[in-house]
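Dear colleague,

Please find the structure below, followed by a short account of what was found in it. I hope that the account will serve you as a first guide.

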Amino acid sequence: VMIEYLMAGGGLMIPIVLCSIVAAGITLERLWSLRSQEVNPQSRLAAIHRRIDLGDVTDEWLDELLERSPLERLSAQVLQVRHGGKSVMQDLLFVEVKQIAHELERYLSTLGSMAAITPLLGLLGTVIGMIKVFSAIQAAGLGEASLLAGGISEALVTTAAGLGVAIPALVMHRFLSRRVDELLIDIEHHVSGLIDHCAAQSVHPK
């Protein structure tokens, strides 16, 4: 049944199906990559604060943090410049958060493009189908019901397929974009707290 449905839409169903596969792949990949534990493992912040309190901030440990989550990586980058003072750490945070945002938003522009392209493909299929309908009317008159039905079917199927891909793609694009914003706010909040902690340690060392 699905094959017949796809064939009824004509050649434009091929790019629509390809767009749906790309959109689904991006959605699944970003849902997995944007998990809190993957990006912003707050449970590990306590361990970072403890090592700062103990004065056990070694280059080897910072190198390990640089290979982990974005939160831990940014924390390590801040700790590497902690001796420069609070303003230096804050400047680094401002710059590096933008880089992390770029990483977290990976593929989201493509997902947005899929949401925008597929309705246009469906509309193009509608136009082509209606052209076939009018061509059939011109050639054979209104008596050839099968020719008319084929053109109308192609027009409706491509429109439905295009919208069927675009609507969930748009919803997931908005959801994932919101998810990125929330993660960035959390990361910035926690690293700002880390900066304050480092600044306090430098003023009142234990």
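**What was found**

Helix α8 is where L123 is placed. Please note that the model is a predicted one. With a relative accessible area of 49%, L123 is partly exposed, because the exposed class begins only over 50%. Together with L120, V127 and I131, L123 forms a nonpolar patch on the surface, and the accessible area of these four residues comes to about 380 Å².

As for the chain as a whole, it has nine helices and zero strands. Of its 206 residues, 36% are buried. The chain exposes about 11700 Å², of which 64% is supplied by carbon and sulfur atoms. If one takes the contacts between residues at least 6 apart in sequence, 78% of them join residues at least 24 apart.

In soluble globular proteins, nonpolar side chains tend to be buried together. The largest nonpolar core of this model has 45 residues, and those that touch the most other members are I48, L79, L104 and V191. At least two residues of this core come from each of α2 (13–33), α4 (45–54), α5 (59–65), α6 (70–80), α7 (86–104), α8 (108–140) and α9 (145–203). The helix that gives the most is α9, with 13 residues.

I48 deserves a further word. Leaving aside residues up to four places away in sequence, I48 touches W61, L65, S75, L79 and L194. I48 is also one of the buried residues of α4, along with L45 and I52. Seen down the axis of α4, the buried residues fall within an arc of 60°, so they line one face of the helix. R50 and L54, on the other side of α4, are exposed. Just after this helix, G55 takes a positive phi of about 70°.

Is T27 buried or exposed? T27, which lies in helix α2, is buried, because its relative accessible area of 12% is under the cut-off of 20%. Not counting residues up to four places away in sequence, T27 touches L111, M172 and L176.

When you view the model, you may wish to begin with I48 and its contacts with W61, L65, S75, L79 and L194, and then turn to the surface patch of L120, L123, V127 and I131.

Yours sincerely,
A colleague

Conventions:
Residues are numbered from 1 along each chain as its sequence is written. This is a predicted model: local features need pLDDT of at least 70, side-chain atom pairs count only at pLDDT 80 or more; totals for chains, interfaces and linings use all residues. Side-chain values use heavy atoms; hydrogens and water are left out. A nonpolar core is a set of buried Ala, Val, Leu, Ile, Met, Phe, Trp, Tyr and Cys residues joined through side-chain atoms within 4.5 Å. Buried means under 20% relative accessible area, exposed over 50%, partly exposed in between (1.4 Å probe, protein chains only). Helices (H or I, at least four residues) and strands (E, at least two) are DSSP runs, numbered from the N terminus. Contact means heavy atoms within 4.5 Å. Patches are made of residues with over 30% relative accessible area and no salt bridge: like charges are joined within 9 Å, nonpolar side chains (Val, Leu, Ile, Met, Phe, Trp, Tyr) within 5 Å. Accessible areas come from the Shrake-Rupley method with a 1.4 Å probe; for residues, only the protein chains shown count as cover. A salt bridge is a side-chain nitrogen of Lys or Arg within 4 Å of a carboxyl oxygen of Asp or Glu. The arc is that of the directions from the helix axis to the C-beta atoms.
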